[in-house]
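Work through the exercises below with the model open. Try each task before reading its solution.

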Amino acid sequence: MPKPGSNVTIPGEWTIIMDMDPATIDLLVIDGDVIVEDSRDSILKASCIWIRAGSLRAGNSTTSFEHKLDIVLDGSNNNKSFKIGSDLTVKQSIVVTGTISLYGTSP
């Protein structure tokens with residue numbers, strides 16, 4: 001499990017089943033696959049999340065995610081910036097150059 005405030009990269013060859021809530025992460029880069037387990041309410045907190053070449057999934061096209069998933073961008077305008085590519089610097093952002101698939105029940 002990552003320590004609070006750490007930078008975390010999920011390598012491309014990894015598949016992570018998120019079955020517990022990690023500590024608040026500074027920068028989360030997803031090159032592999034992160035699947036949120038549908039067994040409880042979940043929270044993912046980070047200053048910046050970059051789904052670079054991988055995926056973040058909760059549910060799928062045939063089975064909705066039945067619990068609550070909160071994705072929280074944690075921080076303030078005083079947080080440091082993160083360089084995403086050669087021409088983009090961000091704070092408190094979700095950048096998706098991979099895939100995000102979130103399937104829930106209709107409101």
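**Exercise 1. In what order do the elements of the chain run from the N terminus on?**

The model is predicted: local features need pLDDT of at least 70, side-chain atom pairs count only at pLDDT 80 or more, and totals for chains, interfaces and linings use all residues. Residues are numbered from 1 along each chain as its sequence is written, and side-chain values use heavy atoms, without hydrogens and water.

Step 1. Assign the elements: helices (H or I, at least four residues) and strands (E, at least two) are DSSP runs, numbered from the N terminus.
Step 2. Read them off: β-β-β-β-β-β-β-β-β-β-β.
Step 3. Count: 0 helices and 11 strands.

**Exercise 2. Compare the radius of gyration of the chain with the globule rule.**

Step 1. Take the radius over C-alpha atoms; the rule is 2.2 Å times the number of residues to the power 0.38.
Step 2. The chain has 14 Å, close to the 13 Å that the rule gives for 107 residues, so it is as compact as a globular protein of that length.
Step 3. Add the spans of the C-alpha trace along its principal axes: about 40 × 30 × 25 Å.

**Exercise 3. Which residues touch the most other members of the largest nonpolar core?**

Step 1. Build the core from buried (under 20% relative accessible area, 1.4 Å probe, protein chains only) Ala, Val, Leu, Ile, Met, Phe, Trp, Tyr and Cys residues, joined through side-chain atoms within 4.5 Å.
Step 2. This core has 15 residues; Ile10, Leu28, Ile30, Val34, Val36, Ile49 and Leu56 touch the most other members.
Step 3. Map it to elements. At least two residues each come from S1 (7-10), S3 (25-30), S4 (33-36), S5 (42-51) and S6 (55-58). S5 gives the most, with 4 residues.
Step 4. Look for another core. One of 8 residues lies apart, with Val29, Cys48, Phe82 and Ile84 among them.

**Exercise 4. List the contacts of Leu28, leaving aside its neighbours within four places in sequence.**

Step 1. Count heavy atoms within 4.5 Å as contact.
Step 2. Leu28 then meets Val8, Ile10, Leu44, Cys48, Ile49 and Trp50.

**Exercise 5. Is Ile100 buried or partly exposed?**

Step 1. Locate Ile100: strand S11.
Step 2. Partly exposed means from 20% to 50% relative accessible area.
Step 3. Ile100 has 34% relative accessibility, so Ile100 counts as partly exposed.
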